[in-house]
Amino acid sequence: MRKMLLALCGFAFALNVSAQDNPWQQQADYQMDVTMDVKTFQYKGTQKLTYTNNSPDTLRVVFYHLYYNAFQPNSEMDSNLQALPDPDRRMANNVGTKQKPVYESRIAKLSPSEIGSLRITAMTQDGQKATFTHESTILKVTLPSPILPHSKTVLDMTFEGQLPVMIRRAGRNNPDGVALSMAQWYPKMVAYDHQGWHTTEYLGREFYGVWGNFDVKITLDKTYVVAGSGILQNANEIGFGYEDEGIKVPALPKKAKTRTWHFVAERVHDFTWAADPQFVHDKHKLSDGKTMHFFYKKYPETWKRIQPDMLKVFDFFNKLIGAYPWPQYSFIQGGDGGMEYAMCTLMVGGEKYEKLVGTATHELAHAWFQHLLATDEAAYPWMDEGFTSYIQTLAEQQVLGLIPQNEYPFEDAYEGYFNLVKSRLQEPTITHSDRYATNYAYSIAAYYKGQLFLTQLDYLMGNEALLKTLKRYYREFAFKNPTPNDFIRIAEKVSGLQLQWFLNEFMQTDHVADYAIDKVTAKGNKTSVTLKRLGRLPLSIDLFVTDKAGKTQYVYVPSRMTYGEKPNTYPAYSRLVLPAWGWGNLTYTFELDMPLSDIQSIVLDPNNRSVDINRENNVFKQ
């Protein structure tokens with residue numbers, strides 16, 4: 001394990017060198033010691049946080065997230081659930097009818113013994129008493145001494161918390177029967193970057209964290225098995241076979257009622273764990289020498305079945321994006337959907353194979369985008385959920401066989417996006433993830449439109465350039481919290497095209513694409529074709545002309561904004577490249593060197609790869 005950790009540090013150093021011109025990141029190194037009462041679901045802990053201020057700014061206050069305070073009646077999360085027209089069904093019950101739904105927040109019904117809570121009882125900075133105030137899910141700390149640029153400080157605290165009844169992502173005795181699902185359980189330093197503090201109230205959606213090293217000791221009933229982030233340091237001491245199975249383990253003293261699990265996780269921005277007396281543990285070695293773990297207590301047949309598949313998916317992602325840097329990864333039955341955390345995921349256990357393996361594939365993909373690249377997911381959820389969904393879909397087709405090889409795998413994303421446009425509920429994806437007017441609009445924007453951002457780059461610059469972009473994005477921005485601009489600049493460098501306009505038009509507005517074949521007229525022995533732009537989103541044009549003998553020619557009209565051409569994306573056909581079409585020109589007319597009487601059909605975007613919202617006006621036939 002020591003060699004693995006050294007290798008990880010070397011990997012991180014190499015990335016620092018290759019990406020040294022990127023914006024700085026803060027660092028928060030945690031040492032925590034927590035004791036959990038498994039009967040009352042209450043816990044107490046100490047935290048020593050060494051904070052490195054790599055910014056050019058002097059910090060006089062710091063902030064922490066206290067996520068569990070959201071799980072209380074009258075919290076902002078509770079109020080928001082009651083205000084949304086379509087709240088998360090896991091968090092609110094319909095007490096009306098299907099025709100006239102009336103939603104009631106599950107949080108509103110929690111009793112004092114069922115709520116979540118997290119409070120700090122004492123705090124110091126470098127030994128001096130610090131002043132702090134609890135403000136719902138945020139702790140504001142006024143420091144006795146400012147943290148100067150490029151300096152360190154040590155923040156010590158004692159805290160106490162209560163694990164809530166399972167509402168979302170974390171909780172106790174969830175539907176799968178897992179005793180403790182401990183996500184977002186500790187006072188977590190708020191991210192500070194070139195935009196300042198990200199003091200976002202927790203409303204149940206996305207996260208943004210600070211890189212750091214975690215050294216965590218968890219003490220609880222000796223019958224419980226603990227799984228989570230990091231590498232277990234004392235496997236032999238406590239009698240759990242993470243690393244050295246077969247070694248005789250000394251028995252605990254008979255009077256001992258608890259045992260302490262000691263974990264270390266390096267260069268992560270979160271720490272999560274789950275525990276249950278009946279956890280079954282399966283372990284596999286990956287092709288690169290790392291290990292994959294599975295913890296579950298129910299539905300063993302399904303959990304056993306997904307294991308060889310996830311080893312294959314892991315290898316696929318390693319090759320598609322880049323090498324996973326941490327020594328291990330764990331899938332943990334946590335009782336609520338699926339949610340990615342550092343080096344692990346918590347996910348529901350009772351799904352059928354296809355659903356469970358799909359969830360596992362999606363959550364594993366997050367290890368690259370949310371935990372390795374780590375964009376600000378609250379501000380840019382589409383860069384995490386959308387990119388994750390994109391490579392998940394590729395894996396489901398190319399590795400798992402859940403999607404036939406002869407089908408275009410992203411049709412669901414197109415359908416979801418088109419339905420959102422028709423609903424008139426679409427909002428620009430620069431909307432903060434907590435500020436969408438509907439859950440529906442948020443979900444489609446994050447998961448589907450984020451996928452389509454990549455499929456449209458494929459459409460604009462070709463698949464080879466897109467896949468090279470994903471790899472280079474990983475190489476240059478791992479551990480760097482990249483922004484949308486960072487990604488589009490990589491795409492420009494790889495493709496040689498100008499693409500900033502596409503980032504703006506598709507992701508920062510609610511503009512849509514709609515191109516039409518407006519006129520087709522005879523012009524002697526030639527045919528005049530006029531295309532029309534009806535929507536405000538510009539795209540390049542792929543067009544197939546088929547004559548009555550069945551021969552097809554591919555016609556390509558670049559968007560002038562790209563200042564270049566993509567490769568021939570239909571190599572089976574000869575391609576005619578026409579002059580570029582400028583956005584300010586609503587129509588575009590060109591001539592085909594064949595009489596109209598010889599033409600059987602003209603089709604815009606013949607394989608429906610663009611996000612043109614009206615495909616009915618894309619076809620001319622005679």
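How far apart do the end C-alpha atoms of residues 324-506 lie, and what share of the span is helix and what share strand? In this predicted model, the two end C-alpha atoms are 30 Å apart, and the span is 60% helix and 8% strand.

**Figure 1. The annotated domain at residues 324-506.** An unreviewed UniProt entry assigns the feature "domain: Peptidase M1 membrane alanine aminopeptidase" to this stretch. The end C-alpha atoms of residues 324-506 are separated by 30 Å.

**Figure 2. The annotated active-site residues, Glu363 and Tyr447.** The "active site" feature at these two positions comes from UniProt, in an unreviewed entry. The positions are spread over 85 residues of sequence, yet they cluster in space, with a largest C-alpha distance of 12.9 Å.

**Figure 3. Surroundings of Glu363 in helix H5.** The helix that holds Glu363 covers residues 353-373. Glu363 counts as buried because its relative accessibility is 5%, below the 20% limit. Beyond its neighbours within four places in sequence, Glu363 is in contact with Tyr329, Gly338, Met339, Glu340 and Thr345.

**Figure 4. Surroundings of Tyr447 in helix H8.** Tyr447 has a relative accessible area of 29% and is therefore partly exposed, a class that lies between the limits of 20% and 50%. Not counting residues up to four places away in sequence, Tyr447 touches His362, Glu385, Gly386 and Ser389. With one of these residues, Glu385, the side chain of Tyr447 also makes a side-chain polar contact of 3.4 Å.

**Figure 5. The second largest pocket and its helical contributors.** The volume of the second largest pocket is about 460 Å³. Its lining comprises 23 residues, and those nearest the centre are Tyr408, Phe410, Asp458, Asn463 and Arg609. Four helices, H4 (300-320), H6 (381-398), H8 (439-461) and H9 (463-477), each supply at least two lining residues. H6 gives the largest share, four residues. The lining of this pocket has 10 nonpolar, eight polar and five charged residues.

**Figure 6. The largest cavity.** The structure holds four cavities of 30 Å³ or more, and the largest has a volume of about 140 Å³. Of the 18 residues that line the largest cavity, His65, Thr200, Glu206, Tyr208 and Ala378 lie nearest its centre. Its lining divides into eight nonpolar, five polar and five charged residues.

**Figure 7. The second largest cavity.** The second largest cavity contains about 60 Å³ of space. Its lining is formed by Tyr459, Tyr515, Leu539, Ser540, Ile541, Asp542, Leu604, Asp605, Ser610, Asp612 and Asn618. By class, five of these residues are nonpolar, three are polar and three are charged.

**Figure 8. Lys188, a buried residue in strand S13.** Strand S13 covers residues 188-189 and includes Lys188. The relative accessible area of Lys188 is 5%, so the residue is classed as buried, the limit being 20%. A polar atom of the Lys188 side chain lies 3.2 Å from the backbone oxygen of His269. Leaving aside neighbours within four places in sequence, Lys188 is in contact with Tyr30, Phe63, Tyr64, His65, Tyr67, Gly209, His269 and Asp270. One of these contacts, His65, is also among the residues nearest the centre of the largest cavity.

How values were computed
Residues are numbered from 1 along each chain as its sequence is written. This is a predicted model: local features need pLDDT of at least 70, side-chain atom pairs count only at pLDDT 80 or more; totals for chains, interfaces and linings use all residues. Side-chain values use heavy atoms; hydrogens and water are left out. UniProt positions are given in the numbering used here, feature names are shortened, and annotations may be inferred rather than shown by experiment. On a 1 Å grid over the protein atoms alone, a cavity is a set of points where a 1.4 Å probe fits but cannot get out, and a pocket is an open set with protein on both sides within 12 Å along at least five of seven lines; lining residues have an atom within 4 Å of a point. Grid points are joined across faces, edges and corners, and a volume is the space filled by probe spheres set on the points. Ala, Val, Leu, Ile, Met, Phe, Trp, Tyr, Cys and Pro count as nonpolar, Asp, Glu, Lys and Arg as charged, and the others, Gly among them, as polar. Buried means under 20% relative accessible area, exposed over 50%, partly exposed in between (1.4 Å probe, protein chains only). A polar contact is a pair of N or O atoms within 3.5 Å; within protein, one must be able to donate a hydrogen and the other to accept it, and residues adjacent in sequence count only if both atoms are side-chain atoms. Contact means heavy atoms within 4.5 Å.
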